[in-house]
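Colleague: I would like to go through the terms used for this model and what stands behind them. Please give the cut-offs as we go.

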Amino acid sequence: MSAHRLLTGKVVIATHNPGKLVEMRELLAPFGVEAVSAGELGLPEPDETGTMFSENAAIKAEAAARASGLPAFADDSGLCVNALDGAPGLFSARWAGPSKDFSAAMARIAHELDRRGVIERRAHFVSALVIAWPDGHAETFEGRVFGEVVPPRGTLGFGYDPLFLPDGHARTFGEMSSHEKHGVDWLTGAALSHRARAFVLLAEACLRRA
Ligand code: IMP
């Protein structure tokens with residue numbers, strides 16, 4: 001017996017991050033659900049007070065579902081650098097400051113690694129995706145992608161994309177089209193980015209192709 005619930009009709013994408021919104025809309029496109037963003041509905045951004053990615057994603061999805069009366073889904077994500085004890089991690093957005101300056105955030109990572117004299121550059125992105133319904137039902141899915149922190153390259157994508165080189169690839173996320181970064185193969189369920197990996201699990205559980 002499956003405890004999963006099927007998502008149909010209209011869904012709120014509970015993010016105010018334009019980069020994430022584009023990626024989530026692309027990922028949802030084959031499934032015939034109508035996606036509206038929290039920004040378009042004028043929903044407030046709740047405080048992210050959780051201590052885990054999945055908690056923060058649940059806070060955002062549940063707040064949007066309650067406020068809109070619609071199912072809502074949210075991602076909480078970040079970059080974890082091994083040699084920085086997992087930083088910036090949950091604070092990935094905050095490292096860019098109020099002006100959302102990710103060049104500065106990437107420079108800070110390089111600076112922190114240099115300051116520690118670190119050679120080891122392993123890192124991973126995490127995405128926790130939560131779908132919440134107005135009646136309180138919620139489902140959580142998590143994806144990770146492992147790789148290395150390198151000097152930033154490329155102007156595509158958003159956030160920390162230019163400094164992340166996924167394992168087995170010669171180009172950073174900042175040098176990949178969003179299609180290549182998702183890397184989704186619906187036949188095999190394979191995917192590349194953390195968000196796409198979480199989304200494939202979500203789609204298998206809660207979505208049907210249009
Ligand atoms: P939050 O999930 O809204 O707290 O923000 C997570 C932050 O992590 C984003 O603002 C980005 O800086 C970073 N991040 C998450 N996913 C990605 C990604 O796919 N590429 C680049 N940066 C990302």
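Modeller: A polar contact is a pair of N or O atoms within 3.5 Å; within protein, one must be able to donate a hydrogen and the other to accept it, and residues adjacent in sequence count only if both atoms are side-chain atoms. This is a predicted model, in which local features need pLDDT of at least 70 and side-chain atom pairs count only at pLDDT 80 or more, while totals for chains, interfaces and linings use all residues. Residues are numbered from 1 along each chain as its sequence is written, and side-chain values use heavy atoms, with hydrogens and water left out.

Colleague: What makes the pair between Lys-181 and the ligand a polar contact?

Modeller: A polar side-chain atom of Lys-181 lies 2.7 Å from an oxygen atom of the ligand, so the pair falls within 3.5 Å. Backbone N or O atoms also take part: one of Ser-77 is 3.0 Å from a ligand oxygen, and one of Tyr-160 is 3.1 Å from a ligand nitrogen. The protein covers 94% of the 490 Å² of accessible area that the ligand has on its own (Shrake-Rupley method, 1.4 Å probe).

Colleague: Why is Val-36 called buried?

Modeller: Buried means under 20% relative accessible area, exposed over 50%, partly exposed in between (1.4 Å probe, protein chains only). Val-36 has 12% relative accessibility and therefore counts as buried. Val-36 sits in strand β2 (residues 34–37). Beyond neighbours within four places in sequence, Val-36 is in contact (heavy atoms within 4.5 Å) with Lys-10, Val-11, Val-12, Ile-13, Arg-25 and Leu-41.

Colleague: How do you know that the span of helix α2 is close to the expected one?

Modeller: The expected span is 1.5 Å times one less than the number of residues. Helix α2 (residues 53–68) has 16 residues, and its 23 Å from first C-alpha to last is close to the expected 22 Å. Its buried residues, including Phe-53 and Ala-61, pack against β1 (10–13), α1 (18–28), β3 (72–81), β4 (122–132) and β5 (138–149). Just after α2, Gly-69 has a positive phi of about 75°.

Colleague: What makes a set of residues a nonpolar core?

Modeller: The members are buried Ala, Val, Leu, Ile, Met, Phe, Trp, Tyr and Cys residues joined through side-chain atoms within 4.5 Å. The largest such core has 24 residues, and Leu-28, Phe-73 and Leu-207 are among those with the most contacts inside it. The largest share of this core, eight residues, comes from α5.

Notes
Helices (H or I, at least four residues) and strands (E, at least two) are DSSP runs, numbered from the N terminus.
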